[in-house]
Amino acid sequence: MNKTNEVWKEKVQQCLETPDYVSKPRGMEVHEVLNGSYSVPMPAYLDYEERDVNVNFMFAEAAWIVSGSNKLSEVSRHMKKYADFSDDGLFLRGAYGPKVVDQIGYVADSIIKDNDTRQAVMTIWRERPAPSKDIPCTVAMQFLLRDNKLNMVTTMRSNDIILGFTYDVFTFSMVAAALQRILKAGGLDVELGTLFVNAGSLHLYESHYKKAEEYLKAETTDNRTKELVDYVLENSPTYESLIKNLNTVADNYDKDFNPDDPENWV
């Protein structure tokens, strides 16, 4: 089984059966694990068919973030619910993209200057954020190059194990893949390593309790997602081509999409 699937099921089970607390932030009951942590090899993604992942959105959100955008229209066509988090109907105040593109050059420079640096950190959290419908769940991303593998440590204030985990681990992997391409352009050829996630609150919403029980009983996987992830990474030698190919999958993922056709890729 895909390692990401295994870790996800373990954390779903932990949140469902052995939470630290049952809390009610904003009046919504959750089973909560404090300082929930997990690690998965990158690229990380769920190909768990029973979860019914929105693959179009998974690739679109990653492209949206790596491109540096905060425009609602560029992501809401794949996930209409995103509009619920916009304060003005045009932008998302907590979007990761602007913070990623503003700092990824610094992160790359830090690693190139000192391969063993511990200073390759980008901050997503806004200091004293203004009231908004969109407060980012991620606080920071740190990158550590060890044994020629680019590892990523992500610190989150909040991580929903059903909806959040599903798309977050892939997005984080694609930020690392984008950095990998910048490093290569700077003369440093590295492999993707491990994604470590530390969440202040790892949780399962009451509305997902029953679904969680069903997910734990199921064993099915969908290898097509792996195929598409592999194709994107293999055919994206540059930062720009990574964005374009992620969007290619987001815009064309359907039963007729043939990744073996080279014309589908940049």
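Biologist: What volume does the second largest pocket have?

Modeller: Bear in mind that this is a predicted model. The lining here includes Leu 46, Tyr 48, Asp 222 and Tyr 253. As for the volume of that second largest pocket, it's about 170 Å³.

Biologist: And how do the residues of its lining divide by class?

Modeller: Among the lining residues of the second largest pocket are Asp 47, Glu 49, Val 53, Asn 54 and Thr 225. Sorted by class, they come out as 5 nonpolar, 3 polar and 4 charged.

Biologist: OK, on to the largest pocket. Which element gives the largest share of its lining?

Modeller: That pocket has a volume of about 1,200 Å³. Of the 40 residues lining it, those closest to the centre are Phe 85, Asp 134, Cys 137, Asp 160 and Leu 163. Strands E2 (30-41), E5 (149-160) and E6 (191-205) each supply at least two lining residues, as do helices H2 (55-66) and H5 (163-185). The largest share, 6 residues, comes from H5.

Biologist: How many nonpolar, polar and charged residues are in that lining?

Modeller: Asp 160 and Leu 163 are both among the residues closest to the centre of the largest pocket. Over the lining of the largest pocket, the split is 20 nonpolar, 10 polar and 10 charged.

Biologist: E2 turned up there. Which residue in E6 is the bridge partner of Val 33?

Modeller: E2 also pairs with E1 (residues 21-23), antiparallel, through 3 bridges, with Tyr 21 opposite Glu 32. E2 and E6 run antiparallel too, joined by 11 bridges. In E6, the partner of Val 33 is Leu 202.

Note on methods:
Residues numbered from 1 in each chain as written. Predicted model: local features only at pLDDT ≥ 70, side-chain atom pairs only at ≥ 80, totals over all residues. Heavy atoms only, no water. 1 Å grid on protein atoms, 1.4 Å probe; cavity = no way out; pocket = protein on both sides within 12 Å on 5 of 7 lines; lining within 4 Å. Points joined across faces, edges and corners; volume = space filled by probe spheres on them. Helix = DSSP H or I, 4+ residues; strand = E, 2+ residues; numbered from the N terminus. Nonpolar A, V, L, I, M, F, W, Y, C, P; charged D, E, K, R; others polar. Pairing = 2+ DSSP bridges.
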